[in-house]
Amino acid sequence: GTEDKPQPDLSFDASGDFFLSRSAANIARVWAVNNAYDAELADFENVFAISTDGERVVGADEAFRMHVYNTEGGSESFYSDGHGDNMTAAEFNPNGRFLLTGDRSGSLIQWDLETEREDFRWFPQQGEITDIIYNAEGRYAIIQSANGASLWDVEGRTVSRQVGATAAFVPNSDTVIYGDGANIITLDIASRNELGRAALPE
């Protein structure tokens, strides 16, 4: 039926083999690109991310409580209302072990998917978390918030640098690119050294 057709906002896993869609009835579905496999999951008010292996999906219900589902069979892996405020962003680490979530108050929680428990909690005080983006190795993440973007050191569990209003990892490299309002800046992640900048057109 119409309610099962993919919606415009799709989310692919890292391999490009699976993608998420959400129907008009808020049914989340996982689709395989190269075969007929598809898994229907429970009602989600918001669908945030699919794991890099395509085996799990994270979303939030109407009360913005977090739910993690197994895509095969659609069974629930675990759920939590650990965010005191509404969960607004989530992303699976490419290493497959961790899930990072953020909420409206600006707090971040890293979840251990093996133990299905909270690994640590952090309050960066940078406003509502709107997006989380890992680099390919999962060593760093860009935390996008209402007050700008920051580069998060996953292993060190610290913010290594503020990186303008918006930022993105450069594919197949160890660099991040961001804007400061006047320039586009390329930064080496490990050394934090600026590699170059170009002025934005006036």
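How many salt bridges does the count come to? In this predicted model, the count comes to seven salt bridges. Side chains of opposite charge can pair when their charged atoms come close. The paragraphs below lead through several of these pairs, and then turn to the nonpolar parts of the structure.

A suitable starting point is Asp153, a residue of strand β15, which covers residues 148–153. Asp153 forms a salt bridge with Arg139, and the closest N and O atoms of the two are 2.3 Å apart. The pair links distant parts of the chain, since Asp153 belongs to strand β15 while Arg139 is found in the loop between β13 (129–134) and β14 (140–145), 14 residues apart. The two side chains are also joined by a polar contact of 2.3 Å. Is Asp153 buried or exposed? Asp153 has a relative accessibility of 9% and therefore counts as buried, because buried means under 20% relative accessible area. Its partner Arg139, at 26% relative accessibility, counts as partly exposed. Beyond the neighbours within four places in sequence, the contacts of Asp153 are Arg139, Tyr140, Thr158 and Arg192.

A second salt bridge brings together the side chains of Arg197 and Asp180, with a distance of 3.9 Å from N to O. Arg197 is in strand β20 (residues 194–199) and Asp180 is in the loop between β18 and β19 (183–188), so this pair ties together parts that are 17 residues apart in sequence. Arg197 has a relative accessible area of 45% and is partly exposed. Asp180 likewise counts as partly exposed, at 39% relative accessibility. Elsewhere, Arg97, Asp112 and Glu114 are joined into one network by salt bridges that share partners.

The side chains of Arg121 and Glu118 also meet in a salt bridge, at 2.9 Å from N to O. Arg121 is partly exposed, with 31% relative accessible area, and Glu118 is partly exposed as well, with 37%.

The discussion now passes from charged pairs to nonpolar residues. The largest nonpolar core has 13 residues, and those that touch the most other members are Val58, Met66, Val68, Phe78, Phe92, Leu99 and Trp111. Which elements give two or more residues to this core? They are β6 (56–60), β7 (66–70), β9 (87–92) and β11 (108–112). Strand β9 provides the largest share of the core, namely three residues.

Trp111 offers a closer view of this region. Leaving out residues up to four places away in sequence, Trp111 touches Met66, Phe78, Ser80, Gly82, Arg97, Phe98, Leu99, Thr101, Arg117, Glu118 and Asp119. Among these residues are Met66, Phe78 and Leu99, which are also listed among the core residues that touch the most other members. The residues touched by Trp111 further include Glu118, the salt-bridge partner of Arg121, and Arg97, a member of the network with Asp112 and Glu114.

Nonpolar side chains are also found on the surface. Ile177, Ile184 and Leu200 form a nonpolar patch there, and their accessible area together is about 200 Å². Within this patch, Ile177 belongs to strand β18, which spans residues 175–179. Ile177 has a relative accessibility of 32% and so counts as partly exposed.

Terms used. Residues numbered from 1 in each chain as written. Predicted model: local features only at pLDDT ≥ 70, side-chain atom pairs only at ≥ 80, totals over all residues. Heavy atoms only, no water. Patch = residues over 30% accessible without salt bridge, like charges linked within 9 Å, V, L, I, M, F, W, Y side chains within 5 Å. Areas by Shrake-Rupley, 256 points an atom, 1.4 Å probe, with all protein chains shown as cover. Salt bridge = Lys/Arg side-chain N within 4 Å of Asp/Glu carboxyl O. Helix = DSSP H or I, 4+ residues; strand = E, 2+ residues; numbered from the N terminus. Buried < 20%, exposed > 50% of the residue type's maximum accessible area, 1.4 Å probe, protein only. Polar contact = N/O pair within 3.5 Å; in protein donor to acceptor, adjacent residues only side chain to side chain. Contact = heavy atoms within 4.5 Å. Core = buried A, V, L, I, M, F, W, Y, C linked by side-chain atoms within 4.5 Å.
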